[in-house]
Amino acid sequence: MKLEIAKPEDSALLAEFYKGFPVRGLVEMKIDRNNDFFMPYDIQSDQHITYVLKEEDKPEGMASFVLRDVLLDDKVQPVAFGRDLRITSNRKAVIEWSQHFLPVMTEVFQTFGTKYLFSILSMGEVQALNAFVRPRTLKRPLPQYHLFRRFNMISVHGRLPWASNPLPKMRIRHGNENNVDALIYYICQKSRDKDLATVWDAQSFRDKLDRWKGLKLEDFLIAFDKDENIVGCVAPWSSGGLQDFIPMQYGLRAHNFRQFLKFGKMLGWTRTLTKPFSRLKVEASLNFKYLSFLHADNGDIFESLLWKAFDDAEENEFLVYNQMRSEYIYRRPRTWISAKMPFGVYLLQPPDSEPPAFLHPSNEKSIEIEPFFNF
């Protein structure tokens, strides 16, 4: 076996290989990048690298690393994010990759000029947690995983009949060149209180928006108070056609929830979930919109933005956003029908490294993770 750096012409091959690894949990899903494997990385950064473990030109494993400039420890600095680690069940591939893990990590630090590597793991993927976060053997040289933050990915599927908009007269307008300066200032002020935030000035906002394929300034929903001050914003966005999530089968709890949504739709309460491949024998994707660039001054403003985004979405779309456990204003409103999936953000370090100061329990800052980058 040999370890190589992927080239642009490997995109279709890697997309097909990646699609063969279902995401397990309450819903077993395949992720289809439609032959453009590198697109999610291009949205995040101009600098990324993918390592591929091959045997006779056939992929047996892969991992990607994306460099991003973020606010961390009260300053802007480059950090790497490890993404999409996939290894086949081939025992030889598992052993080979474990031998490459630390050298690759060191090479990433040197290539990108950073000393921090983060990764996001679903808390529902028990096998991955046991293999990496809680390894049962110390014989393989693997990095240490330090839990940095936990968060929930919330999916919003409908409203109960007695739900009411807490601020029905809230002024909510779309973004434009007349309000963009105020919007940037607002987002920058909110980002200063978060680690891993990616907007700290006008240039960083413009760069992020320019990279984000399919997202425009006009897609932003901006909430204003009576004095025309911005008090909240969100940018609903769909990754359909770029990265599709195909439900293969639903676990018992997820199946029961899907049936409830079907019943609620008849009453006008909810929007249904896509039928699984095991039922249709057709690869149909889930239909939803990510709530990106989400900021609000309080829970009522957040819920008013949620009302607007939900009403503007198509009749078959639900909404998805991230909620850090310390951000109480973004908790699921009780009059909405929703579900949640827990995730953890981990810092990876070589076995002999000392944890950095920002991992200390005294650091209670929230973090910024856009929901599109969870998987």
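User: Where does Thr198 sit?
Analyst: Thr198 is in the loop between strand 9 (194-195) and helix 6 (202-211). Helices here are DSSP runs of H or I with at least four residues, strands are runs of E with at least two, and both are numbered from the N terminus. This is a predicted model, where local features need pLDDT of at least 70 and side-chain atom pairs count only at pLDDT 80 or more, while totals for chains, interfaces and linings use all residues. Residues are numbered from 1 along each chain as its sequence is written, and side-chain values use heavy atoms, with hydrogens and water left out.

User: Is Thr198 buried or exposed?
Analyst: Buried, with a relative accessible area of 8%. Buried means under 20% relative accessible area, exposed is over 50%, and partly exposed is in between (1.4 Å probe, protein chains only).

User: Which side chains does the Thr198 side chain make polar contacts with?
Analyst: One polar contact, at 2.8 Å, joins Thr198 to the side chain of Lys208. Another goes to the side chain of Glu368, at 2.7 Å. A polar contact is a pair of N or O atoms within 3.5 Å; within protein, one must be able to donate a hydrogen and the other to accept it, and residues adjacent in sequence count only if both atoms are side-chain atoms.

User: And which residues is Thr198 in contact with, leaving aside neighbours within four places in sequence?
Analyst: Arg68, Asp69, Val70, Ser204, Lys208 and Glu368. Contact means heavy atoms within 4.5 Å.

User: What about Lys208 and Glu368, how do their side chains meet?
Analyst: In a salt bridge, 3.3 Å from N to O. That pair links distant parts of the chain, with Lys208 in helix 6 and Glu368 in the segment after strand 16 (366-367), 160 residues apart. A salt bridge is a side-chain nitrogen of Lys or Arg within 4 Å of a carboxyl oxygen of Asp or Glu.

User: Buried or exposed, those two?
Analyst: Lys208 is buried at 2% relative accessible area, and Glu368 is buried too, at 12%.

User: How many salt bridges are there in the whole structure?
Analyst: The search finds 20. Among them, Glu228 and Arg173 meet through their side chains at 2.9 Å, N to O. Glu228 lies in the loop between strand 10 (221-224) and strand 11 (230-237) and Arg173 in strand 8 (residues 171-174), so the pair ties together parts 55 residues apart in sequence. Glu228 is partly exposed, at 39%, and Arg173 is partly exposed at 33%.

User: Which residue does Lys226 meet in a salt bridge?
Analyst: Asp227, at 3.5 Å from N to O. Lys226 is exposed, with a relative accessible area of 66%. There's also a network of salt bridges linking Lys2, Glu4 and Lys54.

User: Switching to holes. How many cavities of 30 Å³ or more turn up?
Analyst: The search finds 1, with a volume of about 180 Å³. It is lined by 18 residues, and Lys194, Leu294, Glu368, Ile369 and Glu370 are the closest to its centre. On a 1 Å grid over the protein atoms alone, a cavity is a set of points where a 1.4 Å probe fits but cannot get out, and a pocket is an open set with protein on both sides within 12 Å along at least five of seven lines; lining residues have an atom within 4 Å of a point. Points are joined across faces, edges and corners, and a volume is the space filled by probe spheres set on them.

User: Which element gives the most to the lining of that largest cavity?
Analyst: Strand 13, with 5 residues. By type, the lining of the largest cavity has 10 nonpolar, 3 polar and 5 charged residues. Ala, Val, Leu, Ile, Met, Phe, Trp, Tyr, Cys and Pro count as nonpolar, Asp, Glu, Lys and Arg as charged, and the others, Gly among them, as polar.

User: What volume does the second largest pocket have?
Analyst: About 650 Å³. Its lining counts 28 residues, with Val27, Ser155, Ala339, Lys340 and Met341 nearest the centre. Strand 15 supplies the largest share of that lining, 4 residues.
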